[in-house]
Amino acid sequence: MKALYLTRWCEVGTVADTIKFGEVPPPTTVPVKSEVLIEVKASAINVDDIALSQDSAAGGWFFHGRRPSDAIPVVGGMEYAGVVLAVGPEVTKLKVGDRVCGVQDVSLQKNPGTWAEQTMAPEKGIVLIPADFDISFVQAASVGMAAFVTGDMYKRAKLLSTGNHRCLVVGASGGLGTFMVQLLSRREGGNVHVVGVCSGENADTVRRAGAHDVVDYKVGPFGQQLANAEAFDVVFDFVGGIDTERNAQEVLKRGGKFITAVGPRQGMGDRVLTCSEWYQWACGLTCRLLKSACCCCCTKFTYDMGGGLTLKAEDFNEWVVNQGIRATIAMEVPFEEAPLREALRRVASRHTGGKVVINMEAGVDSGIGETK
C-alpha cells in the first residue's frame, strides 16, 4: 500500500523533507481477535504527528512511537476516517462497510499509523459514524483530536447551567481552538460570552465559529488589551508558555480556571529537551497542579492540564452529530508526495489557521491542495 512512512527518526525540523513516501506492506491481511482493518479515506496532520516522527513528542523523554527500521517501517499519523474492510472474530459492534473514525494510539499501544491507504485498530478505539449522518470523510477525520482534547477541557471547566459566564480561548483559530469556540457558543442556554485570541488575519474565522469578540495578539499581550474588560471565569489555552499563563492571571477572576492543553512551555515537542529542561518543565507543571489542588492555598486561579486519552463515541455523537460542530479546514491535500510535503511544512510552522487534512480519494488534478 502507499504510505508516508519512516525507516528511522527524522532529524528535528526535517520531517517535511525527509519522511518517505512510497509502498509499504499493509498492516494485516486477516484481522485477529478484536482487530479491525480500515481503508483510510482521510487523515489529518497534527503537530503531534510531526513531533512523533522526529521522536521529540513531549520533549522526547517519555512519549514515543514504535521505533522505525528498514525491516519494519512506521507509518505516520493518528487521526483518520474510513471504511471497515475486515473484522476479527471477536469484533461485535462493527461490520464490513461501516464508516468509522478515530484517533490511533500510536504511542502506548503502538497501533499502526494513518497516513496510508489502510490502517488497523482495536474495536474499542473506533467510533462508528451513524449510517444516516451526513458528514464527509475529510470532516470526520478532522474532528477526532478536537473532540477528545477540547471536549475533556470543556468538561473540566464545569460551567454552571445557570448564570452568565465569560470564557477566553487562547489560540482560537487553530483546529482545537475553533472547536472550543463552537462548544462554548453553542452551549445550551446561550449563557457564555466567548472571546478569542488569534492573529488579526484569522479574526473572521474565529467570529464565524461563534466568538463574540476577538483579540489580536499581534497588537500586544492580551492581558494588557483586556485589562479594563470584565474578568473571565475560564481561560482555555491552546498555545502554552509562561507569557500566556501570566496574561491569563491578569484577566481571570479570583478562583477562575486556567485550563491548558499545552502547559508552561510553548512549542513543546518542537525539539528534544535537555535533561534539565525536561525536569524543569515536569517539576513546574507538577507544582502548578499541586498548588491549584491545595485547598489551603489562596491562589488567584486554578491551573488545570486538560486533554483526554481517546475519542469516545458519546462525545462524537453529542458534539459532532447532535450539535453539528465541525473543525475549520485550513488546507486539504491529495495523497500525493509534493502536496503532502507542503502540508507537513505548514503544520510544522504552527500557524495553520485550522486543520490540515489528507483526502485519500482526491487526485492530484482535483484542485484540492489550496488553502481554504
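**Note on the predicted model**

1. Start with Phe316. Leaving out residues up to four places away in sequence, Phe316 touches Cys101, Val127, Ile129, Pro130, Phe133, Val143, Leu311 and Val321. This is a predicted model, and the points below should be read as such. Phe316 sits in helix H9, which covers residues 313-322. The relative accessible area of Phe316 is 0%. Phe316 counts as buried because that value is under 20%.

2. One distance helps with orientation. Gln280 and Phe316 are 36 residues apart in sequence. In space, their C-alpha atoms are 36 Å apart.

3. Next, the nonpolar cores. The largest has 56 residues. Phe316 is among those with the most contacts inside this core, together with Val169, Phe179, Leu184 and Phe236. Helix H3, residues 137-157, gives the most to the core: 13 residues. A second core is separate and has 37 residues. Met1, Leu6, Val333 and Phe335 are included in that second core. As general background, nonpolar side chains tend to be buried together in soluble globular proteins.

4. Val169 deserves its own look. Its neighbours within four places in sequence are set aside here. Val169 is then in contact with Gly177, Met180, Val181, Leu184, Val194, Val195, Gly196, Val197, Phe236 and Phe238. Two of the names on that list, Leu184 and Phe236, also appear with Val169 among the residues with the most contacts inside the largest core.

5. Now a sheet. Three strands form an open sheet in the order E2-E1-E4, and the pairing is antiparallel. Strand E2 (20-23) and strand E4 (74-75) are the edges, each pairing on one side only. Strand E1, residues 2-6, pairs with E2 over four bridges. Within this pairing, Lys2 has Glu23 of E2 as its bridge partner. Helix H10, residues 337-348, lies across E1 and E2. The helix runs at about 145° to E2.

6. Strand E7 is another one to check. E7 spans residues 118-122. Four of its five residues are buried, so E7 is largely enclosed by the rest of the structure. Strand E3, residues 35-45, runs antiparallel to E7, and five bridges join the two. In one of these pairings, Leu37 is matched with Met120 of E7.

7. Is Glu332 buried or exposed? Glu332 is found in strand E15, residues 329-334. Its relative accessible area is 10%, so Glu332 is buried. The side chain of Glu332 makes a polar contact of 2.9 Å with the side chain of Asn359.

8. Last, the cysteines. How many disulfides does a search of the whole structure find? The number is zero. Cys283 is in no disulfide, and the nearest cysteine sulfur to its own is that of Cys287, 6.4 Å away. Cys287 is likewise in no disulfide, with the sulfur of Cys283 as its nearest cysteine sulfur at 6.4 Å. Why does this pair not count? A disulfide needs sulfur atoms within 2.5 Å, and here the distance is 6.4 Å. The two residues also fall into separate exposure classes: Cys283 is partly exposed at 44% relative accessibility, whereas Cys287 is exposed at 51%.

Key: Residues numbered from 1 in each chain as written. Predicted model: local features only at pLDDT ≥ 70, side-chain atom pairs only at ≥ 80, totals over all residues. Heavy atoms only, no water. Pairing = 2+ DSSP bridges. Contact = heavy atoms within 4.5 Å. Axes fitted to C-alpha atoms, helices over the stretch in contact; angles between N-to-C directions. Buried < 20%, exposed > 50% of the residue type's maximum accessible area, 1.4 Å probe, protein only. Core = buried A, V, L, I, M, F, W, Y, C linked by side-chain atoms within 4.5 Å. Polar contact = N/O pair within 3.5 Å; in protein donor to acceptor, adjacent residues only side chain to side chain.
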